[in-house]
Amino acid sequence: MEEEGRPRKLPKLDHDETQNPEPRMTGALDINTGDNEQRVESADGSKAPETTQQTEDGAPKISKREMKRMRRREQWEGQRDQRKAKRKERGIARKEKRRAALEQAREDGTLEELKKTYERTHKRFRRSTLLPLTLVIDCGYDELMLEKERISLGSQITRSYSDNSRSAYRSHLVFSSFNKQLKERFDTKLNKHYLNWKGVRIVPNDFAQVAEMAKEWMVVPAGGKLEGVFADKTDATPEDGEVVYLSSDSPNTLTELKPFSTYIIGGLVDKNRHKGICYKQAVEKGIKTAKLPIGDYIQMASRQVLATNHVVEIMLKWLELGDWGKAFLAVIPQRKGGTLKESAGGADEGSQLKDAEEEEEDAEEDEEQAVAQAQQVTDETIDGDQQAMEETMEEAPVEAGEAN
């Protein structure tokens, strides 16, 4: 064979010149595709380039992944009425179950006790006791979360509002740094329903500023009563209060809640990508930190990181029960396998991995349920206020000048 007919061998590359000695992040590509480059989100929320093809007329071709996402989105939107109908069915089923339970309690002679558990929100709110203690949810981490994570946080703070309204002993509740993308979602997608909420402060100020403001609104008697777990602390003064940012990364452990104190909870849903950021924020502003004493009371089958609304609910339960162990067991989801240490077993977490689209749909469905629950709480509270006003007007004596 002639020399020209033979295929030429490619020259070997010098590995010292072509290899990059530095480690590469998973999902990060350095391919530059010019005008046809798209940005996609990697698992940690960062942006990575992805090449796209073009059709014959030069228009970008939709990838299979994007077509799948679009179909799922259309299906999700198309099933909105079905989900609403299912929620209505579940509500009817709960009423039937409640009716049967009341009938059984009437036969057992425990009707009055059971009725208290079924009281509407406005009656609970009027019967509950406001304590001189403030819980702040710090919503200042918008830029660190993906859209589905902001949706999840929105559900969590909505549930926190509902839990506080229905609690036997409620706190001053504040959502701080509520001035970014989370607020935009509440203002647009959720139709500003939060503007009707009762017994909550929603402010653009950061958590440090809110902690200073809280000192004024916790002054007794208008700022709360020293009752329940605070009944033996009648000699406490506002100067005895403290400001604590709760963080699982803190070396300190919270042993009790104190009157005239402000406890800050980081409003961040990030699958632990930004580990320790809430702790760092608190330290930078010179605020004390502490973690809930989960490890002292509970054996967890999974990591000791709880949703924002679970932290709020645990603290409200402690204000009611004065016992961390009982508070944890009453709130921690079963899928996390929480058991008291003396009865700890080998519980499995039981949760399954889902793809990004399913997680986003689950987050939006949870958001719808949380909003519906909050709206019910608000409606019941407003109805209760109107009813109380009507009762007051009926009981008020008629002035002599009004009799004619």
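Just after helix α3, Gly 109 adopts a positive phi of about 80°. In this predicted model, the preceding helix α3 covers residues 80–108. Its 29 residues should span 42 Å at 1.5 Å a residue, and because the end C-alpha atoms lie 42 Å apart, the expected and modelled spans agree. Within α3, Arg 83, Gly 91 and Ala 105 are buried.

Strand β3 (residues 129–138) is mostly covered, with 10 of its 10 residues buried. Burial extends to both faces of the strand. On one side lie Thr 129, Leu 131, Leu 133, Leu 135 and Ile 137, and on the other Leu 130, Pro 132, Thr 134, Val 136 and Asp 138. β3 runs parallel to β4, to which it is joined by seven bridges, and Val 136 stands opposite Val 174 of β4. Six bridges join β3 to β7, and these strands also run parallel; here Ile 137 stands opposite Ile 265 of β7. Together with helix α6 (residues 147–166), β3 and β4 form a right-handed β-α-β unit.

In soluble globular proteins, nonpolar side chains tend to be buried together. The largest nonpolar core of the model contains 66 residues, of which Phe 175, Leu 254, Leu 257, Leu 292, Ile 314, Met 315 and Leu 319 touch the most other members. Helix α11 (residues 308–321) supplies the largest share of this core, namely seven residues. When residues up to four places away in sequence are not counted, Phe 175 touches Ile 137, Cys 139, Ile 157, Tyr 161, Trp 197, Val 200, Arg 201, Ile 202 and Val 203.

Most residues other than glycine have a negative phi, and most peptide bonds are trans. Departures from these tendencies occur in several loops of the model. Ser 177, which is not a glycine, has a positive phi of about 50° and is placed in the loop between β4 (169–176) and α7 (181–187). With a relative accessibility of 10%, against a cut-off of under 20%, Ser 177 counts as buried. Phe 260, likewise not a glycine, shows a positive phi of about 65°. This residue belongs to the loop between β6 and β7 (261–266), and Phe 260 is buried, its relative accessible area being 6%. A cis peptide bond, with omega of about 5°, joins Val 220 and Pro 221. Pro 221 is located in the loop between α8 (207–217) and β6 (243–246).

Definitions and conventions: Residues numbered from 1 in each chain as written. Predicted model: local features only at pLDDT ≥ 70, side-chain atom pairs only at ≥ 80, totals over all residues. Heavy atoms only, no water. Core = buried A, V, L, I, M, F, W, Y, C linked by side-chain atoms within 4.5 Å. Buried < 20%, exposed > 50% of the residue type's maximum accessible area, 1.4 Å probe, protein only. Helix = DSSP H or I, 4+ residues; strand = E, 2+ residues; numbered from the N terminus. Contact = heavy atoms within 4.5 Å. Expected span 1.5 Å × (residues − 1). Pairing = 2+ DSSP bridges. Right-handed = clockwise from strand over helix to strand, strands pointing away.
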